[in-house]
Amino acid sequence: MMTLGVPLKVMRVVVMWPRFGPYHLARLNAADMQFQEHDAKLLALETARSEATYQWDVVDEPVAVERHILFPESDYCDLQSREIRAMVFEYFARIKPRAVAVCGWDFPESVAALRWCRRNGVPCILMSASTHRDAKRYFWKEWLKGRLVRCFSAALVAGRPQKDYVTKLGMSPERVFTGYDAVDNEYFSCQAEAVRANEQEYRARYGLPLRYFLSSNRFIPVKNLFRLLAAYAKYREGITDPWDLVLLGDGELMPQMRQSIQDMHLQECVVLPGFKQYDELPAYYGLASCLVLASTSETWGLVVNEAMASGLPVLVSKACGCCDDLVREGQNGFSFDPLDIDEMAEKMRVISHGGCDLGKMGQVSRDIIAPWGCDNFGRNLWKAAQCAVEHPVRNRDPIASILLRVLTSVR
């Protein structure tokens, strides 16, 4: 059994993501407090300041940790693996970290960091939200992935399904900690309450209906928006005073979604506000009656954290990685098969017209999500770092070495 209570002396840990969003900053600020308590230093490494895939504004807010950006003038999607590898190697050679925490095993900077760590005897920590069910799995890919996972000295994963997956790939369970996917619970809770306290003003400002299901997504195929729309149309059949539907977000499927809404004659009850930045989200959560996340594949689903912190009941697809840990059937919401339109429609009816105490369900959501906040992320990142440094993995697997060289040379 590993002991995690022994403070480490000189310890500089780098935590890295391709691009920082608002929730990354909240996690980093919470983690920094944990590291300071143990006389350790946390540094944050960002590959680029912008990324075309996501529409977040560039995040320039002050953060407690020392922050570095490898390509401050570039969009992440324009970068090549070779140039990322070169900059990662140069940065680590200069910083000389005691441990490195990386996002996943397939981003080019994560693979480059793992390769550098193996070369230099520095333990590497995996941060992951992947589960066995979030994509079709092939034996040969899983076999290769396992070779990489066994190179990490510890892991910080999202929840139970994620821990099960990473241990299945070869990591010892005692090296795996949970709480990776966290949002600033206090921010969403307080801001949603402030919106409710001025309900009329915010409803008028944002043009929001009195009662509505909220779904917040990128408009891409795995978000299952056409089935959600079909289920919503079925839900309205035979219902007196049905709730409206607000589809928050944008993406490649927006033109088809507009056409489908028109074809189903739902223009008067489906609202498409588009993509909204972080500071506007509490208005949509605060005035909603329930969140619906219908994805056919979702490693976790941070919108569920945000909605629960805002005090909402939730309807969550069983394909979402957060479902096992965050949804308690009949207490704070329900889960459903994302391919079953009838079941989805029925769960909408139960929530809106089945006698559910929405206020009580919202409070249960708050109670469930409370331990899953950024403080938990910080505590368990520290535990993972300490575990990695005190008990580093000495993996000499030649297949892993070849795989890392190949992965950092493509593109």
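Reader: Is Asp-241 buried or exposed?
Author: This is a predicted model, and Asp-241 has a relative accessible area of 62% in it. The cut-off for exposed is over 50%. Asp-241 is therefore exposed.

Reader: Where does Asp-241 lie?
Author: Look for helix α8, residues 225-236. Strand β9 is the other landmark. Asp-241 is in the loop between α8 and β9.

Reader: What is phi of Asp-241 near?
Author: Asp-241 is a residue other than glycine. Its phi is nonetheless positive. The value is near 55°.

Reader: Asp-39 has a positive phi too. Where is the place of Asp-39?
Author: Phi of Asp-39 is near 55°. Asp-39 is exposed, at 68% relative accessible area. Helix α1 covers residues 22-37. Asp-39 sits in the loop between α1 and β2.

Reader: How many helices and strands does the protein chain have?
Author: Both kinds of secondary structure occur in the protein chain. The count is 16 helices and 13 strands.

Reader: What radius of gyration does the protein chain have, and what would a compact globule have?
Author: The chain has 411 residues. A compact globule with that many residues would come out near 22 Å. The protein chain agrees with this, at 22 Å.

Reader: What does the C-alpha trace span along its principal axes?
Author: Three spans describe the C-alpha trace of the protein chain. They are about 65 × 45 × 40 Å.

Reader: Of the contacts between residues at least 6 apart in sequence, what share joins residues at least 24 apart?
Author: Buried residues make up 58% of the protein chain. The exposed surface comes to about 17,400 Å², and carbon and sulfur atoms supply 50% of that area. As for contacts between residues at least 6 apart, the share joining residues at least 24 apart is 74%.

Reader: Asp-75 is buried. Which side chain of opposite charge is nearest to Asp-75?
Author: Asp-75 belongs to strand β3, residues 66-75. A salt bridge needs the charged atoms within 4 Å. The nearest side chain of opposite charge is 6.7 Å away, and Asp-75 has no salt bridge. That side chain belongs to Arg-19.

Reader: Which backbone nitrogen does the side chain of Asp-75 reach?
Author: Asp-75 touches Ala-48, Ser-50, Glu-51 and Ala-52, leaving out residues up to four places away in sequence. With the side chain of Ser-50 it makes a polar contact of 3.4 Å. The Asp-75 side chain also reaches a backbone nitrogen at 2.9 Å, that of Cys-77.

Reader: How far apart in space are Trp-56 and Gly-21?
Author: Trp-56 lies in the loop between β2, residues 41-50, and β3. Its contacts beyond four places in sequence include Arg-19, Gly-21, Tyr-23 and Phe-275. Trp-56 and Gly-21 are 35 residues apart in sequence. C-alpha to C-alpha, they are 6.9 Å apart.

Reader: Which residues does Glu-252 touch, not counting those up to four places away in sequence?
Author: Glu-252 is in the loop between β9 and α9. It is exposed, with 54% relative accessible area. The C-alpha atom of Asn-224 is 13 Å from that of Glu-252. The residues touched are Phe-219, Ile-220 and Pro-221.

Reader: How many salt bridges does the structure hold?
Author: One of them pairs Asp-134 with Arg-137, at 2.6 Å from N to O. Asp-134 counts as buried at 11% relative accessibility, and Arg-137 as partly exposed at 21%. The number of salt bridges is 17.

Reader: In which helix do Glu-142 and Lys-145 both lie?
Author: These two form a salt bridge, with the closest N and O atoms 3.0 Å apart. Glu-142 is buried at 16% relative accessible area, and Lys-145 is buried at 13%. They are 3 residues apart, about one turn of the helix. The helix is α4.

Reader: Which residue forms a salt bridge with Arg-147?
Author: The closest N and O atoms of the pair are 2.7 Å apart. The bridge links distant parts of the chain, from helix α4 to the loop between α15 and α16, 250 residues apart. Arg-147 is buried at 15% relative accessible area, and its partner is buried at 14%. That partner is Asp-397.

Reader: Which residues do salt bridges that share partners join into one network?
Author: Shared partners connect these salt bridges. The residues joined are Glu-193, Arg-196 and Arg-366.

Conventions. Residues are numbered from 1 along each chain as its sequence is written. This is a predicted model: local features need pLDDT of at least 70, side-chain atom pairs count only at pLDDT 80 or more; totals for chains, interfaces and linings use all residues. Side-chain values use heavy atoms; hydrogens and water are left out. Helices (H or I, at least four residues) and strands (E, at least two) are DSSP runs, numbered from the N terminus. Buried means under 20% relative accessible area, exposed over 50%, partly exposed in between (1.4 Å probe, protein chains only). Lys and Arg count as positive and Asp and Glu as negative; His and the chain ends are not counted. A polar contact is a pair of N or O atoms within 3.5 Å; within protein, one must be able to donate a hydrogen and the other to accept it, and residues adjacent in sequence count only if both atoms are side-chain atoms. Contact means heavy atoms within 4.5 Å. The radius of gyration is taken over C-alpha atoms; the globule rule is 2.2 Å times the number of residues to the power 0.38. Accessible areas come from the Shrake-Rupley method with a 1.4 Å probe; for residues, only the protein chains shown count as cover.
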